[in-house]
Number of protein chains: 2
Amino acid sequence: MKTDKLARLQAADWKVGNAEEFLQLSDEEARLVALKLSLISAVKKSRIKRKLSQIDLAQRMKSSQSRIAKIEAGDPSVSLDLIVRALIASGATTRDIQAAFTANERVAS
Amino acid sequence: MKTDKLARLQAADWKVGNAEEFLQLSDEEARLVALKLSLISAVKKSRIKRKLSQIDLAQRMKSSQSRIAKIEAGDPSVSLDLIVRALIASGATTRDIQAAFTANERVAS
DNA sequence: ACAGTATATGTCGGCATTGACATATTTGCA
DNA sequence: TGCAAATATGTCAATGCCGACATATACTGT
């Protein structure tokens, strides 16, 4: 029956679509996570390099010590925005940020 | 009087400190804004290059067409997280993302 | 071992960002 | 021109992320 076949095809499409979609999504998610990890690592390196305490950095970017700790601990409540702001505030050069991305590429691919 | 001098010095420090702080903050803010603009531009380029409509891209990243439009319009309600997720979902390579940062460096420095 | 400093962890009220939706406007093509 | 697809704009309830604070734990020199 026409409707049956259609239903089956749609179901198949739906399954495949979802599987691909799922895989793609987890890949994208993985890339984002890897990127965040690289940037987090860069934040800590940059902060230590400039001999800033977490309190120092927090003051520079008008945040709090606990937020900095959470950034460096990879706490899920920390956004990419905050990580990058910390990176900039810590005195990281644009080259440093690029380097973080490069590191990310090596890991991710 | 000792306390007067101290008070004046503190006041001066406070003023200078705030001025520097303000300048530094706006510089950091400027770098972040420039970075966002570069990434936004990269999103649109990447999406067009892959011949995706805003709806297509929205579905890929489980967002909505209006969000994509807002991303590309530089709407203030859009986070860096969302921009980068769009960039990744649009099929941009890590090299593309790096390129956006490089472009940002040229503009910012 | 102790004190002082740095970092980690948990919590919370409040503001920012979200996807979804409706609708307006623009674009491109027959 | 006029139609259809794409994009833009405005709004809102729900969720996410924020700084701040309290407090715990880990360092570091004495």
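Me: Let's fix the classes before we start: Ala, Val, Leu, Ile, Met, Phe, Trp, Tyr, Cys and Pro count as nonpolar, Asp, Glu, Lys and Arg as charged, and the others, Gly among them, as polar. By class, how many residues of each does the surface near DNA strand D have?

Reply: That surface has four nonpolar, nine polar and three charged residues. A residue is near a strand if one of its heavy atoms lies within 4 Å of it.

Me: Good. What sort of model is this, and how do the numbers work?

Reply: This is a predicted model, in which local features need pLDDT of at least 70, side-chain atom pairs count only at pLDDT 80 or more, and totals for chains, interfaces and linings use all residues. Residues are numbered from 1 along each chain as its sequence is written, chains are lettered from A and ligands numbered from 1 in the order in which they are written, and side-chain values use heavy atoms, with hydrogens and water left out.

Me: Back to DNA strand D, then. Which residues are the closest to it?

Reply: Ser66(A), Arg67(A), Ser77(A), Ser79(A) and Gln54(B) are the closest, out of 16 that surround the strand.

Me: And which polar contacts reach a phosphate oxygen there?

Reply: Among them are three, taking a polar contact as a pair of N or O atoms within 3.5 Å; within protein, one must be able to donate a hydrogen and the other to accept it, and residues adjacent in sequence count only if both atoms are side-chain atoms. Ser77(A) uses a polar backbone atom, 2.6 Å from a phosphate oxygen of DNA strand D. Ser79(A) has a polar side-chain atom at 2.7 Å from a phosphate oxygen, and for Arg47(B) the side-chain distance is 3.0 Å.

Me: Which element gives the most to that surface?

Reply: That's α3(B), with four residues. Helices (H or I, at least four residues) and strands (E, at least two) are DSSP runs, numbered from the N terminus.

Me: Now DNA strand C. Which residues come nearest?

Reply: Gln54(A), Ser66(B), Arg67(B), Ser77(B) and Ser79(B) do, of the 17 around DNA strand C. By class, the surface near this strand has four nonpolar, nine polar and four charged residues.

Me: Which atoms of DNA strand C do Ser64(B), Arg67(B) and Ser79(B) approach?

Reply: For Ser64(B), an N or O atom of the side chain is 3.5 Å from a base nitrogen. A base nitrogen also lies 3.0 Å from a polar side-chain atom of Arg67(B). Ser79(B) goes to the backbone of the DNA instead, with a polar side-chain atom 2.6 Å from a phosphate oxygen. The elements giving two or more residues to this surface are α3 (65-73) of chain A and α3 (65-73) of chain B, and α3(A) gives the most, with four.

Me: How do chains A and B superpose?

Reply: A rotation of 180 degrees with 0.1 Å of shift along its axis puts chain A on chain B, at RMSD 0.1 Å. The two copies are thus related as by a two-fold rotation axis. The fit is by least squares on the C-alpha atoms of residues with pLDDT of at least 70 in both.

Me: Last one: where is Lys62(A), and what is its phi?

Reply: Lys62(A) sits in the loop between α2 (54-60) and α3 of chain A, and its phi is near 50 degrees, a positive value in a residue other than glycine. Lys62(A) is exposed, with a relative accessible area of 55%. Buried means under 20%, exposed over 50%, and partly exposed in between (1.4 Å probe, protein chains only).
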